[in-house]
Amino acid sequence: MNRTTVSLIAGVTALAAVTGFASMSEPQAAGEDTAKAAAQLPVERTSLLCPAPSTSDLAETAYTSFTPVTKGTSEGGKAELVAAGAQSADGTDDTNENEKQDSEQDGKKGGEQGGKKGGKKEKPVLTPKEPGKPVTAKASGAESPALVGTAEGRFAPGWAVQQTTQVEAGTGRGLLGTSCSAPDTDFWFPGASTAKERTDYAHLTNPDDSAAVADIELYGKDGVLKSTVGEGIKIPPHSSETVLLSTLIDEPETNLTVHVTVRSGRVAAAVQALDDALGGDWLAPSAGPAGSLVLPGIPKDATSVRLVAFVPGEADADLKVRLASPTGTITPAGHETLHVKAGMTAAVDLGDVTRGEAGSLLLTPTGKSTPVVAALRVVRGKGDKQETAFIPATAPVGARATAADNRAKGSTLSLVAPGRGAKVKVTASAGSDGGTAASKTYTLKAGTTQNVDLPVPAGLKGTYALTVEPLSGGPVHASRMLEAAEGGVPMFTVQTLPDDRGTVKVPDAEQDLSVLQ
């Protein structure tokens, strides 16, 4: 192997390990030594961003950070979350005056709330001490900012941060939870709304040292909703912008799909959906467009479930709708299929589809596969004691996934095997204030959903994290529900658990890549 080939391998390996996003497929070439398997190495650096939690003075927010123990990591490293502000990594303000003025104008165009800005070096809100043990922090009121987080070394692989906010009264009261997310450039949010009873905001957070520019497109039942206000939204470095969706269009739209694309840079995006009567929660992005989708973990006592779907392409989609129950896959009566026109948002009310049992929704093509995105709006309770949460379509757990901020009571883990059966290991970490980790293994039958009996750390004090690891069988999808009753209102929030991207493929050091010269 010549020097050029060795340099290429070293560069790809370093990029993959640092970013967590790079991977390299092995070239198809002749020869016995050109098809060696790629190695899985822990990522060495990752970013997570948390949106500003609430505009309510009654808001009480808990942050929980957790990194699972990963073999092969270095001994060093750190992780921290700091308040978003327009500052460079060294704490100096790197946004020029013109950028600041443009950003302020963009914030006024897009919504009632502007971005959180400032050049002051911020003290970390949360600093984990060691992998395998959660760390928590709390904030109160309406002024809590968005957070920008970075983890390096042994804290990077599988780093998870949960933001959970409880609001006792007012618009959007309830339990609002979100898994703080990695930055990206493309997001789909079926299930948003600009109906008069809803107040929905898109939160865009920029982790980088240069400004990002994003566009927001809205799609209703008749297609794209024309608007120029959502174009060219500037997010200054290390800052957050919040856009009120109803300011982007003239007429209310009950069921919307929001598409966020980033022209320059990258952002984390989330939609906060607040309802005057049904409470509120965070709407996380749907898994990317695909022909088949899994929406895991519908609460067994759900009183109303609405499916919202959208086709980004030019062909209509015809979907078979099925429910994975504890005993197998069934078809909801009267809702066997769903037709979604290209470029339009479709919605169907499924009622109390779970009928007292654990369930997950499975969407598959009736014929030719057409990529779609989808989410569920789920309601628990009755009358004036109702609460809302959202379940977007999600990717499989993959190698590992983690849900932070679990309590001694009020945590439910749903596991679904949509195809083949599977065996899954679930580990409960040590508690944030004490306790010993515990694990259990579960066997899932094909086409079923299980709300599993969770392992709980011995001597638990504080909160703990749940780590899900498939051991064998087919793909597994998962979600975690947190619940807390307040004044008779069944407050709850659901987070899906896709792969934590804690490792990345890099080529074998002895692989011959001379074909790439």
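## A first walk through the model

Start by selecting S47 and T150: T150, in β6, is the bridge partner of S47. You are looking at a predicted model, where local features need pLDDT of at least 70 and side-chain atom pairs count only at pLDDT 80 or more, while totals for chains, interfaces and linings use all residues. Residues are numbered from 1 along each chain as its sequence is written, and side-chain values use heavy atoms, with hydrogens and water left out.

**Stop 1: the open sheet.** Now widen the selection to β2 and to β6 (residues 147-152); these strands run antiparallel and are joined by six bridges. Strands here are DSSP runs of E, at least two residues long, numbered from the N terminus, and two of them pair if DSSP finds at least two bridges between them. Add β4 and you have an open sheet of three strands, ordered β2-β6-β4, with antiparallel pairing. β2 (45-50) and β4 (79-83) each have a single partner strand, so these edge strands are left with one side lacking a neighbour in the sheet. Ignoring direction, neighbouring strands of this sheet are turned by 15° against each other on average (axes are lines fitted to C-alpha atoms, and angles run from 0 to 180 degrees between N-to-C directions).

**Stop 2: T257.** Next, select T257 in strand β15 (residues 256-264). Is T257 buried or exposed? Its relative accessibility is 0%, so T257 counts as buried (buried is under 20% relative accessible area, exposed over 50%, partly exposed in between, with a 1.4 Å probe and protein chains only). Show T345 too: a polar contact of 2.9 Å links its side chain to that of T257. A polar contact is a pair of N or O atoms within 3.5 Å; within protein, one must be able to donate a hydrogen and the other to accept it, and residues adjacent in sequence count only if both atoms are side-chain atoms.

**Stop 3: D215.** Move on to D215 in strand β11 (residues 212-220). D215 counts as buried because its relative accessibility is 15%. The side chains of D215 and R263 share a polar contact of 2.9 Å.

**Stop 4: the largest nonpolar core.** Finally, pick L295, I298, L307, L361, L363 and L376, which touch the most other members among the 30 residues of this core. Such a core is a set of buried Ala, Val, Leu, Ile, Met, Phe, Trp, Tyr and Cys residues joined through side-chain atoms within 4.5 Å. Apart from it lies another core, of 26 residues, including I249 and V267.

How values were computed. Helix = DSSP H or I, 4+ residues; strand = E, 2+ residues; numbered from the N terminus.
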